[in-house]
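Student: I would like a close look at a single part of this model. Which pieces of the protein build the surface beside the nucleic acid, and how do they meet it?

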There are 2 protein chains.
Amino acid sequence: MKKVSLRDIAEELGVSKTLVSLVMNGKAEENRISQEVIERVKRVAKEKGYEPNQFAKALRTGKSMTIGLIVADISNSFYSKMARSIEDTAYGSNYTVLFGSSDEDPAKAEKLIKVMLDRQIDGLIISPTIGGHQNIDLIKKHKIPFILVDRPLSGVKSSFVGVNNLEASFEAVDTMLKSGCTRIAHINFYQELGNMKDRFNGYVKAHEASGLTVDPSLIIHVSNDRAVGEIQQFIDHVGDKVDAFFFANNEIAIIAIKYLMHSNIDPHRDVSIACFDDHEAFHLLKASIGVIKQPVVEMGKKALELLLERIESNGKAHQTITLSTEYAVLNEELARK
Amino acid sequence: MKKVSLRDIAEELGVSKTLVSLVMNGKAEENRISQEVIERVKRVAKEKGYEPNQFAKALRTGKSMTIGLIVADISNSFYSKMARSIEDTAYGSNYTVLFGSSDEDPAKAEKLIKVMLDRQIDGLIISPTIGGHQNIDLIKKHKIPFILVDRPLSGVKSSFVGVNNLEASFEAVDTMLKSGCTRIAHINFYQELGNMKDRFNGYVKAHEASGLTVDPSLIIHVSNDRAVGEIQQFIDHVGDKVDAFFFANNEIAIIAIKYLMHSNIDPHRDVSIACFDDHEAFHLLKASIGVIKQPVVEMGKKALELLLERIESNGKAHQTITLSTEYAVLNEELARK
DNA sequence: ATGAAAGCGCTAACAC
DNA sequence: GTGTTAGCGCTTTCAT
C-alpha cells in the first residue's frame, strides 16, 4: 500500500506527469487532450487508488484547502454548535477545519493564529477577544482573508457575521416591562465586547421607551474570570429588591439561576427571568424563562460562505451580515403546574 | 511582507541552506557548528521573521504535525469538552487538530477519514460508530496510528481510552436499590456500542447482587435517530409503574427528564433519577439526581498522549486505559426546599 | 495534442 | 565545521 504518485501513473501509461496532472485536475478538455487518453489515465488512476499528495500540491499552489476557526472556548455550547455548522459547510466545499480556543486571552489567540498561519490556512474565522486588535493586525499582515463572528472589534475593518443584539435585547426587556416588571436587574460582561455593549444598550433603550430610567445599582458588569463570585455577590445585594433578571448570555444565566435557586429565590414565583441564548439547561427548568435564540447554525454557515467568497475572489469588499434572533418564552405551561 | 525562506537567510549570511536548516532545527550542536555561526543565523532569522514552510517540511519528512479527531457530534457537550482537552494537550506538543463529526454514520465517518488521510494527519483519535469496522480497516491500511475513545469496537485491536462503564453503572443502580427503589426503569441506546452494553450490564448485575431479577418491560433500547419519540412512548407506558429511572447518558436523560416533567411526574417526589454523565442542565434541576461523572478532560488528554507515543515510537504495543468515574448526587439540599 | 523542465522550500546523506 | 546535492510530488510555463 505504498502511496501512488502522478509519476507512477505516468510511467505505467508511458505518458508524462503533466498529462496526468491535467487530467486529474479536470483541465484536460481545455488543453485538448484526446478523450481516449483521458479515459485511460482516469482508469489507471482509479485502479491504483491514486490520491494526490496535498502537501506537494499546497507547496506548489500555496493553497492548503484548510481554514482555521478560533473561538473563546470550543466546549461552550454556543461555539461548539457554530463549529459544527462551519464544519458541515466546509467539508461540503472540500475544506477542512483546524480549531482552537482562545479562552478570551489575546496572548493565547496570538499563539493559535501563529500556529495556524504556519499551517498556511487559507482563511480564518475568529471570534475576537477583548484587546485582540494586535491579533487582527497579525492576520492582516499575512494577508489571509478572515471573518469576525459573534462580536465585532471596534475600529477593525473586516467582514462580520453577528446578530441584532440591541434590538433583541430591547424586545426581551420590553416584553418584561410590559408584563408588569418594574425593577429588572441586568447582569452582563465587561463592555469592551461590542455585542455585549449592544445587549446592555437594548436594556437601557427599552426602559427609555417606557419612560423609565434604569437604576445603576441594578446593573453589573462582571469579569470573565471571576464571574461566579461577582454574580453571587450581586444577587445577594439585589435579590430581594428586584422583580426580574435579564442575563446577557447563557453562561451568566446558568450561574445566576443556580444561585437564585440556592438562595431560595424562585425564578418564577419570585422573579421573572430572561436571557440571551437558548440552552438545553433552560428546558429542564420548572420556571418560565424568556430566551433570545441566536441562529447559531446560520451564523456558522454564513461566516464560512463569506470566507470562501473572499478566499476565492480576493477583490470583494467587506460585508457585514446581521442575522435575526427569535424571542421565545420557554416552559410556560410547565411552570403553571 | 513576502515570505522569508531558508535560502534568503543563507544568502544574506553567505552560508548554505543546510547550515541554516540545522540551526533552526536545533541540530547545530550535534553537528558541531560553531557558536558564533549559530548566533548569527538565529539573529538574522529573527530579524527577518523567518517562519518555516510547513508544507515543504511535511513534503520532505512526511510528517504533518496534525492529528485528526472524529467524534459523533462536536456540538455535544461531552465531545466538545473532550475536544477542548485534546486541543490543549495537542498545542502543547506543537500539534494541530483537525476535527469532524460523524453523526454516528459510518459512511460519513469514512468521508471524514479519507479527507483527513488526504491531509496526511499523523494520527487519529476516533470515537467509532456502530458498524465502523470498515472505517478502522481503512485507517489501518494507511498505517497511521489511531486511538479509539469512549467506546471500543468489538474485535478491533487498537489502543483505547474509556471508563469503567460496568462498575460505574453498577454503583449507581446499586445505590438506588439500597436507598429503597424497587422498580428501576432503564433507558439505553442500541447495544452495539460496547460502552452502552456495559452500562446495561451494570444495571443488571446490580439487581442480581441484591438478589433481584430485572423486569424486561422496564428496559428500553432506543435508536439514535428516533430517540425522542421512543423515550416518550416508553415513559407513557412505564411512568406510573416505576419508582426510579436510570439513563445511559446525558442525551437520554435530558429528553426523558423534560418529558417526565411534562407528564407531571416529578423527578424527585415521584421517581428517583440517575444517569451517566454530568451536564450543566442537571444543576438547574429542582430535584436530586445521581450522576456518574466521566473524567472527560483526562480522557482527551490520555488519548492524545497515547497517540503521540504511538506516532513518535511506532513499535509500542496497544494499550487500553480505563479511567474511573465518580458518582455524585446533585442538588440534594436544593430538592428538600 | 503532448512533454520537458523548472521550481515551490525543505531535509538528509554524503562530501570536503 | 560547513557545503553540495538530490529529491519529496506536484503544477505550470514553454516547446514541439
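Tutor: Helices here are DSSP runs (H or I, at least four residues), numbered from the N terminus. The model is predicted: local features need pLDDT of at least 70 and side-chain atom pairs 80 or more, while totals for chains, interfaces and linings use all residues. Residues count from 1 along each chain as written, chains are lettered from A and ligands numbered from 1 in written order, and side-chain values use heavy atoms, without hydrogens or water.

Start with the helices. Chain A brings α1 (6–13), α2 (17–24) and α4 (54–61) to the surface near DNA strand D, and chain B brings its own α2 (17–24) and α4 (54–61). Each of these supplies at least two residues. Near means a heavy atom within 4 Å. α4(A) gives the largest share, with four residues.

Now the residues. There are 27 around DNA strand D. Coming nearest are Leu6(A), Lys17(A), Tyr50(A) and Arg60(A), joined by Arg32(B) from the other chain. On the DNA side, 61% of the strand D atoms within 4 Å of the protein belong to sugar and phosphate.

By class, the surface near DNA strand D holds 11 polar, nine nonpolar and seven charged residues. Ala, Val, Leu, Ile, Met, Phe, Trp, Tyr, Cys and Pro count as nonpolar; Asp, Glu, Lys and Arg as charged; the others as polar.

Next, the polar contacts (N or O pairs within 3.5 Å). Two reach phosphate oxygens of DNA strand D. One runs from a side-chain N or O atom of Tyr50(A), at 2.6 Å. The other involves a polar backbone atom of Asn53(A), at 3.2 Å. Ala56(A) touches a base instead: a backbone N or O atom lies 3.4 Å from a base nitrogen of DNA strand D.

Finally, follow α2(A) back into the protein. α2(A) packs on helix α3 (residues 35–48) of chain A at about 85 degrees, axes 10 Å apart. Axes are fitted to C-alpha atoms over the stretch in contact, with angles from 0 to 180 degrees between N-to-C directions. α2(A) and α3(A) are therefore roughly perpendicular (65 to 115 degrees). α2(A) makes the contact (heavy atoms within 4.5 Å) through Leu19(A), Val20(A), Val23(A) and Met24(A). α3(A) answers with Val37(A), Ile38(A), Val41(A), Lys42(A) and Ala45(A). Eight of these residues are nonpolar, one is charged and none is polar.

Notes
A polar contact is a pair of N or O atoms within 3.5 Å; within protein, one must be able to donate a hydrogen and the other to accept it, and residues adjacent in sequence count only if both atoms are side-chain atoms. Angles under 35 degrees count as roughly parallel, over 145 as roughly antiparallel, 65 to 115 as roughly perpendicular and the rest as oblique.
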